[in-house]
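Q: Could you take a close look at one part of this model, the salt bridges, and then walk me outward from there? I'd like one connected account rather than a list.

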There are 2 protein chains.
Amino acid sequence: MHDSQPPDLMTAQPALKAIDIPQLKTVCSSCSLRELCLPIGLSQSEIEQLDQLVYTRRRIKRGENLYRAGDEFASLYAIRSGFFKSNVLLADGRDQVTGFHMPGEIMGLDGISIDRHACNATALEDSEVCVIPFARLEEASHQVRSLQHHFHKVMSREIVRDQGVMMLLGSMHAEERLAAFLLNLSQRFVSRGYSPAEFHLRMTREEIGSFLGLKLETVSRIFSKFQHEGLIGVQQKHIRIRRVDGLRALLDRGD
Amino acid sequence: MHDSQPPDLMTAQPALKAIDIPQLKTVCSSCSLRELCLPIGLSQSEIEQLDQLVYTRRRIKRGENLYRAGDEFASLYAIRSGFFKSNVLLADGRDQVTGFHMPGEIMGLDGISIDRHACNATALEDSEVCVIPFARLEEASHQVRSLQHHFHKVMSREIVRDQGVMMLLGSMHAEERLAAFLLNLSQRFVSRGYSPAEFHLRMTREEIGSFLGLKLETVSRIFSKFQHEGLIGVQQKHIRIRRVDGLRALLDRGD
DNA sequence: ACATGGGGTTGATCTGCGTCAATGCGGAAA
DNA sequence: TTTCCGCATTGACGCAGATCAACCCCATGT
């Protein structure tokens, strides 16, 4: 009915707490995502400072919300596994998707502004996040200059990313938007060690459309068109990119 | 005729430079914009810390760039007077406007990400900015916790603002976009002490259109339509909002 | 195996906005 | 003042993408 908090693994099982094997702890220093996530660019000892503050994880089931618009803001979240969308409920009841997020990415930055989240974060598949209490992060970045600097970069990167989406929505045609979307996904999968050419979409056509400012029928039609042209292979949510250059060519020739 | 900036008392008169009366220096603590700008929410003594680092101003003539995409990033800029647009040059030569900026707002946050600016900042009228060397800002916010926290809020606010634009571009029709645009401008003018109902647009129809993902003819037509409906008065760049509620009503009823 | 339902595809038609083109206006310079 | 030029307005027409509608596919539960 409501999104009940799954019991926290670290703190809910006192039986485990004596064992404390390093690899099993939620620590950044041993996390395979450390090159993508908050720790990027930090030294080993600095990452160990992060370990101090990222002490909780949270599991979110597919369809449930990590947070909702209006919720009090207390923490940032680093995605450890799974897939999320950011979305807001519009006046007319539709929900507008404002972003998709994958492992290693930080969610919740919008909440800092007024201490309340500005959008929902909904899991598109069963997911797990690292909870980063924001007050502690500020404390830590007060101690560690490079962490402060890096955190600024993370926020700035988010601003640049959003401006990229604004450009996409403001100046591109449907086909270009979808090409840009696929290339962007591909690139993000690559830097996570997955295939650049083959992946599963975690979101529906409607969610893609909402994000790109298109209707689901248009998204579907363009997928089919790309397929006929040999640019991609589509089978439901499974995508195979056949000609990256073909997709990129769509972007270069303005309109 | 046009909104001429009152000549700046502080820096324009070299005869004064030896005197160095505190009130005449470029200091945040005596700046009329301090309630809108970086100093917001800081105590008097904390603001005085800011005075240390904001020691330069820069004048930008109408049409000139404060910075360009690709320029090395070194400083943030607080607008002291004037009006700017952010814009990027697209592959096809058009330039896409990604934002408009007025006094008290901070520009350049996009540059932190990769130490280069991601867009141009072009003055739409003769303008003046306070230069905030970023390294010094980080240094200062390392010292002053509340400054650090506030700076995070400034960045987060920018993220929220961008997401608002994404929603506008992703889900609104032309009339709704323009209504939202006018209401947004009006609100920002109000908080700067100007009339909410009457203002001069500093940008052309084409720039508005670029920002809103519309063509200039569409912008023009909708201005005319709004005028016929009695919602606003338009005379070239002069706008008078006659029925705020009428404009707001356009937004509430989804589509 | 079968039924069910949510997502996806595809076609026909409609329309909001883009495009192209002509005209008007007002501020800057001579 | 007159000329000029960039910007704005307005109209006629076309098209990309929305809308409406039918059908299909596949995953899920019984």
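A: Let's start with a small network: salt bridges link A:R57, A:R59 and A:E128. Keep in mind that this is a predicted model. Within that network, A:E128 pairs with A:R59, and their closest N and O atoms are 3.9 Å apart. A:E128 sits in strand β6 (residues 120–133) of chain A and A:R59 in strand β1 (residues 56–60) of chain A, so the bridge ties together parts that are 69 residues apart in sequence. As for their surroundings, A:E128 counts as buried, because its relative accessibility of 9% falls under the 20% cut-off. A:R59, on the other hand, is partly exposed, with a relative accessible area of 42%.

Still in chain A, there's another strand-to-strand pair. A:R240 forms a salt bridge with A:E198, with 2.9 Å between the closest N and O atoms. Here too the pair links distant parts of the chain: A:R240 belongs to strand β9 (residues 238–241) and A:E198 to strand β7 (residues 198–200), 42 residues apart. Both ends get the partly exposed label, A:R240 at 34% relative accessibility and A:E198 at 33%.

Over in chain B, B:D95 and B:K85 form a salt bridge whose closest N and O atoms are 3.8 Å apart. B:D95 lies in strand β4 of chain B and B:K85 in strand β3 (residues 75–89) of chain B, so this bridge ties together parts that are ten residues apart in sequence. B:D95 is partly exposed at 30%, while B:K85, at 8%, counts as buried. Searching the whole structure turns up 30 salt bridges over all chains.

Now for the ones that cross between chains. Chain B and chain A have four salt bridges between them. One of them joins B:E139 to A:R145, with the closest N and O atoms 2.8 Å apart. There are also 20 residue pairs in polar contact across this interface, both residues being at pLDDT 80 or more. On the chain B side, the elements giving two or more residues are β4 (95–101), α2 (134–143) and α3 (145–171). The largest share, 20 residues, comes from α3(B). Sorted by class, the side of chain B that touches chain A has 17 nonpolar, 16 polar and 13 charged residues.

Zooming out on that interface, 46 residues of chain B are in contact with 46 of chain A. The buried area is about 4,200 Å², and carbon and sulfur atoms give 58% of it. B:H142, B:H152 and B:M166 supply 15% of the area that chain B buries against chain A, more than any other three residues.

Last stop, the DNA. Of the 18 residues around DNA strand C, the nearest are A:R205, A:R221, A:S224, B:T218 and B:R221. Sugar and phosphate make up 65% of the strand C atoms that come within 4 Å of the protein. On the phosphate side, a polar side-chain atom of A:S220 is 2.8 Å from a phosphate oxygen, and a polar backbone atom of B:A174 is 2.9 Å from a phosphate oxygen. B:R221 goes for a base instead: an N or O atom of its side chain is 2.7 Å from a base oxygen. α7 (216–228) of chain A and α6 (216–228) of chain B each supply at least two residues of this surface, and α7(A) gives the most, with five. By class, the surface near strand C has three nonpolar, seven polar and eight charged residues.

Terms used: Residues are numbered from 1 along each chain as its sequence is written. Chains are lettered from A and ligands numbered from 1 in the order in which they are written. This is a predicted model: local features need pLDDT of at least 70, side-chain atom pairs count only at pLDDT 80 or more; totals for chains, interfaces and linings use all residues. Side-chain values use heavy atoms; hydrogens and water are left out. A residue is near a molecule or strand if one of its heavy atoms lies within 4 Å of it. A polar contact is a pair of N or O atoms within 3.5 Å; within protein, one must be able to donate a hydrogen and the other to accept it, and residues adjacent in sequence count only if both atoms are side-chain atoms. Helices (H or I, at least four residues) and strands (E, at least two) are DSSP runs, numbered from the N terminus. Ala, Val, Leu, Ile, Met, Phe, Trp, Tyr, Cys and Pro count as nonpolar, Asp, Glu, Lys and Arg as charged, and the others, Gly among them, as polar. Contact means heavy atoms within 4.5 Å. Buried area is the accessible area (1.4 Å probe) that two parts lose on being put together, summed over both. A salt bridge is a side-chain nitrogen of Lys or Arg within 4 Å of a carboxyl oxygen of Asp or Glu. Buried means under 20% relative accessible area, exposed over 50%, partly exposed in between (1.4 Å probe, protein chains only).
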